[in-house]
Amino acid sequence: MEEPLIPVVPMSHTAHIRSHRKPRPRSSSALAMRAGVAGGVLGTLAVAGAAGTANAAEPVTQTIELPTLTADMTAQVAESAEVTQQAAADYQLRAERDAAAAKAAKQAKADLADAKKKAEAKEKAEAARKDAAERATRSAGRTTLTTASTASTAASNDAVAPASGSVATVISFLRAQVGDAYVMGATGPDAWDCSGLVQAAFKQVGVDLPRISQDQSVAGTQVSLSNLQVGDILYWGGAGSAYHTGVYIGGGQYLDAANPSKGVVIQDLSGYPADGAVRVL
């Protein structure tokens, strides 16, 4: 068996020579100083390393958080814009409603004014129609009165009053009151209204007439205006709704308490034709 080869390591030519320098003793303070320096260096390296690590991580944190912040702000801006738009829409809707209400009120006012004008025009037309009807009635009454007067004259029934009897007493009393004043509601002895005078005249012969014109117009027998006799009670207006009464005294005349300006007077029927007559005597 072959023997193993031992490797030869070349050595320096001074390796076998010992150093003539004596080792220096190391004091405890030197060792502490070296230890402190080493600790400070290590601490500095650790702090630097930590700072470097933090600084290296910071851009990553910023890069991650910046989009999140931007997205939140965008959402807030969008929400604020939506709220503002909704408020503007509400204001516009309210303005439109207010304008519509004002327009409706204006139109209602105009419609009311138009309706009022139409009602007034209708009232005027109705008044004109009634006036025309009354004029026609009066004209017909004048014609009837003229015929009646002619017939009365032909029949010799136009005496002012008969010479005797109840009718003469009534007419005599009435003539004695000519010139007295007219006062609404008066019943004598020096002032009268129309129905008060008629009532007092017939009371002289024991005939008890109603107090007011409406009732006096239906107190006796209705007679035609073409067949009047002295002492008949004349009335103006409808039977049962008359507004004036007087007494026929013959010759186309009647005696009545006319109004405050005339008082008790004798008048011609042609000037103010009656609407009807009743006979109580």
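**Exercise 1. Find which residues L197 is in contact with, leaving aside its neighbours within four places in sequence.**

Solution. Start at L197 in this predicted model and skip those sequence neighbours. What remains is F173, L174, Q177, W192, L255, D256, A257 and V264. Now look at the core: the largest nonpolar one has 24 residues, and L197 joins I171, L174, W192 and F202 as the members touching the most others. As for where this core comes from, α2, α3, β4, β5 and β6 each supply at least two of its residues. Apart from it sits another core of 10 residues, including V223, L228, Y248 and Y254.

**Exercise 2. Work out which residues of helix α2 are buried, and what covers them.**

Solution. Walk along α2, residues 166-176: the buried ones are V167, A168, V170, I171, F173 and L174. Next, check what lies over them. The cover includes β2 (191-192), α3 (194-203), β5 (244-250) and β6 (253-259). Finally, get the helix directions. α2 lies across β5, β6 and β7 and runs at about 115° to β5, while α3 lies across β4, β5, β6 and β7, at about 50° to β5.

**Exercise 3. Classify the ring pairs F173–W192 and W236–Y272.**

Solution. The structure has three aromatic pairs. Take F173 and W192: the ring centres are 6.1 Å apart and the planes stand at 85°, so call this pair edge-to-face. F173 belongs to helix α2 and W192 to strand β2, so the pair ties together parts 19 residues apart in sequence. Both F173 and W192 are buried.

On to W236 and Y272. Their centres are 5.4 Å apart and the planes are at 15°; that's under 30 degrees, so the pair is stacked. It links distant parts of the chain, 36 residues apart: W236 is in strand β4 (233-236), and Y272 is in the loop between β7 (263-268) and β8 (276-279). W236 has a relative accessible area of 1%, so it's buried, whereas Y272, at 28%, counts as partly exposed. Add Y254, and W236, Y254 and Y272 make one aromatic cluster.

**Exercise 4. Put the strands of the six-stranded open sheet in order and name its edges.**

Solution. Trace the sheet across: the order is β3-β8-β4-β5-β6-β7, with antiparallel pairing. β3 (221-223) and β7 each pair on one side only, which makes them the edge strands. Ignoring direction, neighbouring strands are turned by 35° against each other on average. Now zoom in on β5 and β6: three bridges join these antiparallel strands. V247 has L255, in β6, as its bridge partner.

Notes:
Residues numbered from 1 in each chain as written. Predicted model: local features only at pLDDT ≥ 70, side-chain atom pairs only at ≥ 80, totals over all residues. Heavy atoms only, no water. Buried < 20%, exposed > 50% of the residue type's maximum accessible area, 1.4 Å probe, protein only. Helix = DSSP H or I, 4+ residues; strand = E, 2+ residues; numbered from the N terminus. Contact = heavy atoms within 4.5 Å. Phe/Tyr/Trp six-rings, centres within 6.5 Å; stacked < 30°, edge-to-face > 60°. Core = buried A, V, L, I, M, F, W, Y, C linked by side-chain atoms within 4.5 Å. Pairing = 2+ DSSP bridges. Axes fitted to C-alpha atoms, helices over the stretch in contact; angles between N-to-C directions.
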